Amino acid sequence: MTKIPPPRARRGVRPVLPALAAVLLTLTGTGAAPGAAASDSAVVRGAVPQPRPAAPAGAPRTFDAGPARAALQRLLPRHAGQFTLVPDAAAGADTFTVSGTAGAVTVRGSTGATLLTGVGWYLQHVAGVDIGWPGDSLGALPATLPAVPRPVTRGALVPHRYALNDTDDGYAGPYRSFEEHQRQIDLLALHGVNEVFVQVGAEYPYYRALQGFGYSGAELREWIPGPAHQSWWLLQNLSGFGGPVTERLMRERAALGGRIAEQLRGLGMTPVLPGYFGTVPPEFAARNPGAATVPQGDWAGFDRPDWLDPASPVFGRLAAAYYAEQRAVFGDSAMYRMSPLHEGGQTGTVDVKAAARAIQGALHAAHPGALWAVLGWQDDPTPELLAGVDTSKLLILDGLSDRYNRLDRETRWGGVPYAMGSIYNFGGHTTIGANTSVWLDRFGAWRAKAGSALAGTAYLPEATGTNPAAFDLFTDLAWEPEPIDQRAWFASFAARRYGRPDPQAAAAWEELRKGPYSTSSGLWSESQDSLFTARPGLTAAGAAYWSPKSMRYQAGSVRRALDHLLKVAPELRSSSAYRFDLVDTARQALANHSRVLLPQIKAAYEAKDLPRLRELTDQWADGERRLDALTGTDPNFLLGRWLDAARSWGGTEAEKDRYEYDARSILSVWGRRGTSEGGFLHDYANREWSGLVSEFYAERWRVYFATLEEALVRRAAPREIDWHAYEEEWARRTTRPSATPSGDPYARAAEVAAALPPATAG
């Protein structure tokens, strides 16, 4: 055995693997392809301590509250000492009790995460403050925390409170640090979540295992995409784009993923790990006698990876190798995520029932009794898949619960347990809104119906970190014993969001409740995006091809909310919650106005009124300048942070540039020309961020409007623009937009309000 030195330490990642125990990287020939380079067979050992053994039947349930206390110290550094966290061996599953006097609050709970959920309940219902995602009002807490009027006990209404879409890592931050992931876990625990998808580093078990099946490390590093695109590789939609990746990057990501998984375990939460269902590189059957693979065709212009028939003996061996490599880095779990044939995969001659049985069999051979979590999306899971598995060990994460009408999940899925989910954000769009009234109507009704199979909630926005009200309300569903009144909930949210009740804050959130947070089901679960971020055109109706093409609520609600927020008491304006909400609401009001302005520009052009066209396009450009300045005042709206994070993972300038392209391309072209254009993926992940607006969106519109002026002057048709070439050039840049907020958010928001038409009465 030959030791190899760990890679250099970098921000948020301890060298190579979690410093949870001594870390040893060894070289071994086991599982390595013949002729592979030494670095191709580097294997991570001792990365993660094995999960604590289960207590014997009837033994007292105890746990270490230390991780919860550490999280509490991170969340409430000035007040953590006023809480006593008590592991409660006698409590029921997922139960907490809050009691105590002024300055001495006691929380008893059945897990570390449930202790934090109890703290969250106290902050929300007793202290009257909010720790949101993003933004908080903790500055309003008194030096001595208030007493709990009487002890309160809460138990979760459903056993599964799942969080994170498969796409979250790609759209919310593929290059995040451990501290950022740790903050996410703390917030999820505070809001009652107990199962969290862990994608970071998921490529490493593939990389290790497949070297034993005829592939060199170099081949696999070309096949594995860059981190921003790996979500869709794991879903078997694409391969290679954004790469090649380096072994150092994969090992550091595996280290990070191992730390995330152990952080979750420490709080008694379940790290949900990617399972193996048959994704293989090209030529797998040719290199592995007896293997049968099915070409998966096309996904949005990408060639999908092949599918190894799970019923073949080779599948069992590869799955066993995959789970062994995964265990070495991530440890074991009780829940694994897999969605075979996602969004149009081809079955070929494969018997789907037998394939599903083999996939579950391989999972249970490695992890007896583990739960298989499958996404309920489009036609999945199919009746054939469900017929092949032990459905008592299956959980369907329903991504369409609030999108369509006349849903009967018990009939559709034959009584298989499912979690009611919502995907209210697509692509990380910075748009406000969600079908919250649909959540409130359906959660209670679906639980109460005869023969209900509802067993959980699934928080599934494609990107987290937007819409703090939606996050708070959705996670409250599983913990409120009585039906939630939407109007009362938003009034309570407004009262705690900025630290105390304020009539203008209440009026603002009532407008937002009636508008973007009361959209209906039927076709969409997200609100419309902005035309400022759309590819230029006089008939542009939306930026992302797959998003709503018109307003889903009355725009005046947001405009009036902005006026109310600007009148909130001055002493409440210093919190990060207020600053974020003010910027976000002003941003949305400005974005909504783009849908008023563009038809006017179209009319001026068609009337050949050049002075009017110039006047209106100047207004458009002014709006985008204001938008960039406004979003530049808040750290959550900065392109520079996104790009700096990507570059921080590179070991050389060339590698830094490659990862920056990975991060830029997901926001713009998404993929190569055939996928960006033919697959309509360009601008799928559009968002109104400072730097992105000024560098990309505003310049793109400026170029387009210049062609319209030129056409009117020359009395000719506008010249054609190769938009993909234009966008690809931007994605290849390495400019350095600011990663630090600047300017006064209140002043910038007030300027936006003054520039917009006045609000009309609601």
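**Figure 1. Both faces of strand 16 are covered in the predicted model.** On one side L371, A373 and L375 are buried, and on the other W372, V374 and G376 are buried as well. Strand 16 spans residues 371-376, and because six of its six residues are buried, the strand is largely enclosed by the rest of the structure.

**Figure 2. Strand 16 has parallel partners in strand 15 and strand 17.** Strand 15 (residues 335-337) runs parallel to strand 16 and is joined to it by three bridges. R337 has A373 of strand 16 as its bridge partner. Strand 17 (residues 394-398) also runs parallel to strand 16, with five bridges between the two. Here A373 is bridged to L395 of strand 17. A373 thus takes part in a bridge with R337 and in another with L395. Strand 15 and strand 16 also belong, with helix 11 (residues 352-366), to a right-handed β-α-β unit.

**Figure 3. Strand 18 is buried on both of its faces.** Y418, M420 and S422 lie on one side, A419 and G421 on the other, and each of these residues is buried. With five of the five residues in strand 18 (residues 418-422) buried, the strand is largely enclosed by the rest of the structure.

**Figure 4. Strand 18 pairs in parallel with strand 17 and strand 19.** Three bridges connect strand 17 to strand 18, and the two strands run parallel. D398 is bridged to M420 in strand 18. Strand 19 (residues 454-459) pairs with strand 18 over five bridges, again in the parallel sense. In this pairing A419 has G456 of strand 19 as its bridge partner. Between strand 18 and strand 19 the chain passes through helix 14 (residues 436-448), forming a right-handed β-α-β crossover.

**Figure 5. Four strands form an open sheet of mixed pairing, in the order 3-5-4-6.** Strand 3 (83-87) and strand 6 (152-155) are the edge strands, each paired on one side only. From one strand to the next, the twist averages 15°. Within the sheet, strand 4 (residues 95-101) and strand 5 (residues 104-109) are antiparallel and share six bridges. One of the bridged pairs is F96 with G109 of strand 5. Helix 2 (residues 112-127) packs on this sheet and touches strand 3, strand 4, strand 5 and strand 6. The direction of helix 2 makes about 50° with that of strand 4.

**Figure 6. An open antiparallel sheet is made of three strands in the order 10-14-11.** At the edges stand strand 10 (279-280) and strand 11 (293-294); each has a single partner strand, so one side of each is left without a neighbour in the sheet. Strand 11 runs antiparallel to strand 14 (residues 306-308), and two bridges join them. T293 has L308 in strand 14 as its bridge partner.

**Figure 7. Helix 18 crosses helix 19 in the left-handed sense.** The axes of helix 18 (residues 556-566) and helix 19 (residues 576-606) come within 9 Å of each other, with a crossing angle of roughly 145°. Helix 18 contributes V558, R559, A561, L562, L565 and L566 to the contact. These residues meet Y578, D581, L582, T585, A586, Q588, A589 and N592 of helix 19. Sorted by class, the residues in this contact are nine nonpolar, three polar and two charged.

**Figure 8. D563 of helix 18 is shown with its contacts from elsewhere in the sequence.** The relative accessible area of D563 is 25%, so this residue is partly exposed: the value falls between the 20% limit for buried and the 50% limit for exposed. When neighbours within four places in sequence are left aside, D563 is in contact with A753 and A759. V152 is separated from D563 by 411 residues in sequence, and the C-alpha to C-alpha distance is 38 Å.

Technical notes
Residues are numbered from 1 along each chain as its sequence is written. This is a predicted model: local features need pLDDT of at least 70, side-chain atom pairs count only at pLDDT 80 or more; totals for chains, interfaces and linings use all residues. Side-chain values use heavy atoms; hydrogens and water are left out. Buried means under 20% relative accessible area, exposed over 50%, partly exposed in between (1.4 Å probe, protein chains only). Two strands pair if DSSP finds at least two bridges between them. A crossover is right-handed if, with the strands pointing away from the viewer, the path from the first strand over the helix to the second runs clockwise. Axes are lines fitted to C-alpha atoms, for helices over the stretch in contact, and angles run from 0 to 180 degrees between N-to-C directions. A crossing is left-handed if the near helix is turned anticlockwise from the far one by less than a right angle, and right-handed if clockwise. Contact means heavy atoms within 4.5 Å. Ala, Val, Leu, Ile, Met, Phe, Trp, Tyr, Cys and Pro count as nonpolar, Asp, Glu, Lys and Arg as charged, and the others, Gly among them, as polar.
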